[in-house]
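Q: Please take a close look at one part of this model, and describe it for someone who is meeting the structure here. I would like to follow the aromatic side chains and then the enclosed space.

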Amino acid sequence: MLYCSIYNSHKVISQSLSIRLPVWNTAAGTGTAGATSLTLNGPRGIFVDNNLNLYVADGNNNRIQKFLSGQLNGTTIPTGTITLNIPTAVVLDADGYLFIADCNNHRLIGSGPYGFRCIAACSGQGSLSNQLYYPVMLSFDSYGNIFVTDSDNNRIQKFLLITNSCNGTTTLTTMSTVTSTNTTQSASLVTNSTTASSSTLLWYNVPEFTAYTTWSANGITFANTTTLGTNPYGIFIDTNNTIYVSGRDANCVQVWHDSSSVPIRNLTSGLSNPYSLFVAINGDIYVDNGYANGRVDKWTLNSSASISAMYVKNSCWGLFLDINNNLYCSMNSLNQVVMKSLNTNSAMWIVAAGADCSAPSTNTLNGPRGIYVDTDLNLYVADCGNNRIQLFLSTQLIGKTVATGTITLNCPSGIVLDANNYLYIVDYNNHRIVGSGPNGFRCLVGCSSVAGSAYNQLYYPTALSFDSYGNMYVVDQNNYRIQKFLITSTYYEFNRSSELEIWIWSCVTLNQPNLCPSTTWYTNGITFANSSTIGTVVSGSFVSINNTVYVANQQTNKVIVWFEGSTNPDKILSGSLNTPYGLFVTPLGDIYVDNGQNNDRVDKFSLNSNISNSAMSVPGVCYGIFVDISNNLYCSGLTSHQVVKKWLSDNVLTSTIVAGTGTAGSTATTLNCPYGIFVDAEINLYVADAYNNRIQMFPVGQFTGITLAGASAPGTITLYNPAGIILDGNGYLFLTDFYNNRVIGSGPYGYRCLFGCTTIPGSASNQLYFPASLNFDTYGNLFVADYNNGRILKFILASNSC
């Protein structure tokens, strides 16, 4: 329902957007100015709550009127000792409390459990940062900051949320001094209840991730050498997504607003080779100035000059300000982390970690770099020279090494924690970012560990910071740039109901029926399509979630499409394909097809389009293609012995290796002619490692595979060139055993043959001849691409009774 407040007509009207008739109804007021419960006089701002009650800033009557849903008789909201003078805007918070722009009193009013009070600009009209001059409209952002149209000052004022702590039924919200849209800096101050008590304010981003959160492998260059110079090092992003970067060669700190491409502030004022920086809750900026000047400098909010905040013996490669207002400095050359309280005037600091030498022991450090202090005042140190992360519990000088499992660090330089206290580490000499979770450590970006300047590479990264959305910013030092890696997924989990696990919609990109251990199919297949339609050999096939069947015809270089129930093709897509093997269709209807033969790419046919475009560059033919629930496109390169992927939400065609090394091998990190692939809802990758006669599973972010079936997996089944692979809704494997001419299924009792169990090739309805891909439809029927018979066989589900 769309509402309109008509000032000169003294009424509010509404119209449903669900119908096309241009007919509106009166929601409040009679059309004649008045001060009764039925009338309005110059209505301004309006608000409709979730119960469809209408609130009207009845300007010329100096009141807020509430009209219950469907009622034309309003009631005046009592404001106690607060007298309104031409209220022009009204907004409700989640608890139903009102916030009002009191225009002619030049202030903002808010309500709470103890009544109404002035919350901002309470000193009268003016143009100072704490004043307003005829405020008209107001709106909250997602952090609770208030934006106000300050009419006669010709500006938009932003009032920052200072506290939002709750004690029982008491709610206290305070607004800070305002900053206008043309100011050079702002710092938002919010509570992060995940990592701190309700009274603890965190002004830096502590996003909440899961074990399966992923980021695009291809970074976006946020800033480059034109702006940064040639030696950027430190980065900080506040909860307002203001971005601060320290440049050592440029001897400055530069500041960007969220989404701005041009710095809005440049701090120099006597800096020499600044490594690190940190921004406080009140907007003060602390910057390393230890190299030549032996101190940490502070710029107060909106100041152009700095003052000394802390004296140090050398450069601070890491700076951090904890919740108790203690400032920490990581002195790389002195192998120590020192701390000073900013609550006193004393210049004294104490050693927080490190014994002033570099011997590798629990109470020493060797070239410490980045530091992080959690809300329990535990100190984490990137102990570069010892290739480890050290944790020093609050007030303790004896550290313990945070185990990284199979991940080996090489000079860690930056460290950040998320809301669940999982670590994110800049692995400097390995040119990558690694992260931890309940399943251990995994590589997140730069996972080839090869230095480079491509979008998916880093070259001696030094620091990282998250914005409030969970996007990752990395200082890519030797490429002289800041790389932004967009978050591509936030959570993948099951909704549970008693013993039943039900896939949430977003976790499904293809059919995965819930099958019982005793499920059976009729062993005589029905020929769904033959060589006259799909060619003499067939490899790639797909059945979408609406049971549309797609087959790649390698002879005609076309994609053949049948809608559910059709016996003849409904669509034929041409494009410019060359001997296509794999294909995949997303729930939105976009078709991704192998075009690697001579063209080295995967092509995309958008829904209802007959024209294809390049979607990803690949190292040869893609025998398997998959799109996961995070919108990552995968290709299994049979001849390149690797699996690559790219995130489809960016415009970069470059792919990144996620399994295999590019050289044929039979170790846990290598592949030999991978064929079919599958990615589950937890972003684990399954590979039919054909020439190694095995099925490999690569946990999310890992390059070391686990053999699930076939060679070196005792108690499973012997495979001979497995080709197609798919999982059902319970996570059990179904695969085609290519040279054994059969289809295999797994369950709680192990593996069993389903079709072609004589392993003798043939063209009878119960035989297969080099089966390639396989797919379920929504009913649990199995479609198999019978390669050498040039046909698609459909095996009908016979029983699925548990």
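**Aromatic pairs and the largest cavity**

A: Both Y275 and W317 are buried, and these two residues are a useful place to begin in what is, it should be said at once, a predicted model. A search of the whole structure finds 41 aromatic pairs. In the one formed by Y275 and W317, the ring centres are 4.2 Å apart and the planes meet at 20°, so this pair is classed as stacked. The pair links distant parts of the chain, 42 residues apart, with Y275 in the loop between β27 (265-267) and β28 (277-279), and W317 in strand β32 (residues 316-321).

A further pair can be followed from here, that of F320 and Y372, whose ring centres lie 5.0 Å apart with planes at 55°, so this pair is tilted. Because F320 belongs to strand β32 and Y372 to strand β36 (residues 368-373), the pair ties together parts that are 52 residues apart in sequence. F320 has a relative accessibility of 3%, and therefore counts as buried; Y372, at 7% relative accessibility, also counts as buried, the cut-off for that word being under 20%. Elsewhere, R369 is placed over the face of Y428, at 4.6 Å from the centre of the ring.

Now for the enclosed space. The count comes to four cavities of 30 Å³ or more, and the largest of them has a volume of about 370 Å³. Its lining is made up of 27 residues, and those closest to the centre of the cavity are I235, I371, I415, V416 and L464. Two strands already met, β32 and β36, are among the elements that give two or more residues to this lining, together with β24 (232-237), β28, β40 (412-417) and β44 (461-466). By character, the lining of the largest cavity divides into 18 nonpolar residues, nine polar ones and no charged ones.

For comparison, the second largest cavity has a volume of about 300 Å³. Its lining numbers 23 residues, with C443, K645, V658, V700 and G701 lying nearest its centre. Here β22 (214-215), β43 (440-445) and β63 (656-659) each supply at least two lining residues, and the largest share, four residues, comes from β43. The lining of the second largest cavity holds 15 nonpolar, six polar and two charged residues.

One backbone detail belongs to the loop where the description began. Most residues other than glycine have a negative phi. S269, however, has a positive phi of about 35° although it is not a glycine, and it is found in the loop between β27 and β28, the loop that also holds Y275. With a relative accessibility of 29%, S269 counts as partly exposed, whereas Y275 is buried. L52 is another residue other than glycine with a positive phi, near 65°, and its place is in the loop between β4 (43-48) and β5 (54-58).

As for what the record adds, an unreviewed UniProt entry lists residues 31-70, 365-395 and 662-701 under "repeat: NHL". Residues 31-70 are 0% helix and 40% strand, with their end C-alpha atoms 17 Å apart.

Key
Residues are numbered from 1 along each chain as its sequence is written. This is a predicted model: local features need pLDDT of at least 70, side-chain atom pairs count only at pLDDT 80 or more; totals for chains, interfaces and linings use all residues. Side-chain values use heavy atoms; hydrogens and water are left out. UniProt positions are given in the numbering used here, feature names are shortened, and annotations may be inferred rather than shown by experiment. Rings of Phe, Tyr and Trp (its six-membered ring) pair if their centres lie within 6.5 Å; planes under 30 degrees apart count as stacked, over 60 as edge-to-face and the rest as tilted. Buried means under 20% relative accessible area, exposed over 50%, partly exposed in between (1.4 Å probe, protein chains only). A charge sits over a ring if NZ of Lys or CZ of Arg is within 6 Å of the ring centre and within 35 degrees of the ring normal. On a 1 Å grid over the protein atoms alone, a cavity is a set of points where a 1.4 Å probe fits but cannot get out, and a pocket is an open set with protein on both sides within 12 Å along at least five of seven lines; lining residues have an atom within 4 Å of a point. Grid points are joined across faces, edges and corners, and a volume is the space filled by probe spheres set on the points. Ala, Val, Leu, Ile, Met, Phe, Trp, Tyr, Cys and Pro count as nonpolar, Asp, Glu, Lys and Arg as charged, and the others, Gly among them, as polar.
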